[in-house]
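Work through these exercises with the model open beside you. Try each task before you read its solution.

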Amino acid sequence: MFYVKQGNMPQSRHTYGDINGMLREELFGEESFDGPYSLLYHSGEPTEVMAVEKKEKDGMKESMKVVAHKHYNALSYPRQGSFVTGRKVIMYNDRLRIGTLQPSDRMDVLMRNALFETIFFVHHGSGELFSPFGRLKFGKGDYVYVPKGLTFLLDYTQDFTAFILESRDRISIPARYLNMYGQIKEGSPYYTRDFRHPVLEGFRETGIRDVWVDFDDHFIVEKRDKTMFDVVGWDGYLYPFSVNVESFSPIVGKLHMPPPVHEHFSGKSFMLGTFLPRLFDFHPNAIPISYYHNNIDTDEVLFYSTGNFMSRRGISVGSITVHVRGIIHGPQPGAVEGAIGKKSTDETAVMIEAYDPLKFTEFADTIEDDSYMKSWIRK
Ligand SMILES: [Fe+2]
């Protein structure tokens, strides 16, 4: 991301300002000391942990069902847990976790993800993310990025619902949208000004001290008796951010544009994009929806958030489809004819292309629409 500075700090890094009120500098950085980082200035020592405990976590079990194109009624299960305990993994591989969150409970502990970067799309509701970087607001239609290793508390409304991607590798802006100076290029689907960073104000003391550190198959609980949210200044390039898809500019063309033009974030093992309300292709004989395609090297995941999804039979708001490598897919019978002459779409859908094969969970089995493979049979 871009450089941000908040609050107070010594003029030079790795120096002290006032010896009596010495601030405790923390480097928060990825890829050892070579990746993006920020420097935070705590009033106390962030390393003081009174005790650690191990907490078991509900394990993911792999589905035994056949791997083929999938349709999930992904929000058809009851609200449960908090952001810490209620994330439901629908599919995964060695690098990624993909699923949904419909919490019934507020967070009553802090969380830190030791292994995964997180980006979630806010399908319903709103909230605030509190971290040592300050307060970050989010609302419907936002992507919220939570760096690996961040200690945070999410406060959200009762209807908060999100589609979540967790990645072991860094989640970032695709390199092709950046010029050699690191600035977002002209022609990209968004601009630096669209991104919101945390501000060092407005944190309410909750008394919450325990930090649940997520290690994928278990938690380590840090027992603390002092707050970690004691930062008086920070600067750098690595911090949580939010950005709303309404500020994005979809790229459209004379003929059908392939999914990569809708890419918004990327990592080593995936790309993430958004299909947004947009005008369709303007060639007089254009077919404005996708052609048949065979994703030879990717599994293609779509979460349908708002609008009318005309190329997919049986899909509704809250659906997730997965089109797997090895099996061709495309419009269902009648969809091409039905699309001709249409001028625009009002859909909003999040797309993930996973480069390594995805596996599905036993939880996924409980929300699956088993008729989906038959939706391509002409009746
Ligand atoms: Fe596709």
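The exercises go from the whole chain to single strands and then to the core.

This is a predicted model, in which local features need pLDDT of at least 70, side-chain atom pairs count only at pLDDT 80 or more, and totals for chains, interfaces and linings use all residues. Residues are numbered from 1 along each chain as its sequence is written.

**Exercise 1.** Describe the protein chain as a whole.

Solution.
- Step 1: Count the elements. The protein chain has 2 helices and 26 strands. Helices (H or I, at least four residues) and strands (E, at least two) are DSSP runs, numbered from the N terminus.
- Step 2: Check the compactness. The radius of gyration, taken over C-alpha atoms, is compared with a globule rule of 2.2 Å times the number of residues to the power 0.38. The protein chain has a radius of gyration of 22 Å, close to the 21 Å from the rule for 379 residues, so it is as compact as a globular protein of that length.
- Step 3: Look at burial. Of the 379 residues, 36% are buried. Buried means 20 or more other C-beta atoms within 10 Å of the residue's own, exposed means 12 or fewer, and partly exposed lies in between; C-beta atoms are placed from the backbone.

**Exercise 2.** Find the place of strand β6 (residues 88-92).

Solution.
- Step 1: Test burial. 5 of the 5 residues of β6 are buried, so the strand is largely enclosed by the rest of the structure.
- Step 2: Find one partner. Strands pair if DSSP finds at least two bridges between them. β6 runs antiparallel to β7 (residues 96-101), with 4 bridges. Val89 has Gly99 as its bridge partner in β7. A hairpin of 3 residues joins β6 to β7.
- Step 3: Find another partner. β6 is also joined to β26 (residues 359-360) by 2 bridges, again antiparallel. Here Tyr92 is partnered by Lys359.

**Exercise 3.** Trace the sheet that contains β1.

Solution.
- Step 1: Write the order. The open sheet has 4 strands, β1-β17-β3-β2, with antiparallel pairing.
- Step 2: Mark the edges. β1 (4-7) and β2 (24-29) each have a single partner strand, so one side of each is left without a neighbour in the sheet.
- Step 3: Zoom in on one pair. β1 and β17 (residues 231-236) share 4 bridges. Val4 stands opposite Gly236.

**Exercise 4.** Which residues touch the most other members of the largest nonpolar core?

Solution.
- Step 1: Define it. A nonpolar core is a set of buried Ala, Val, Leu, Ile, Met, Phe, Trp, Tyr and Cys residues joined through C-beta atoms within 7 Å.
- Step 2: Name them. Among its 80 residues, they are Ile90, Ile119, Val144 and Phe152.
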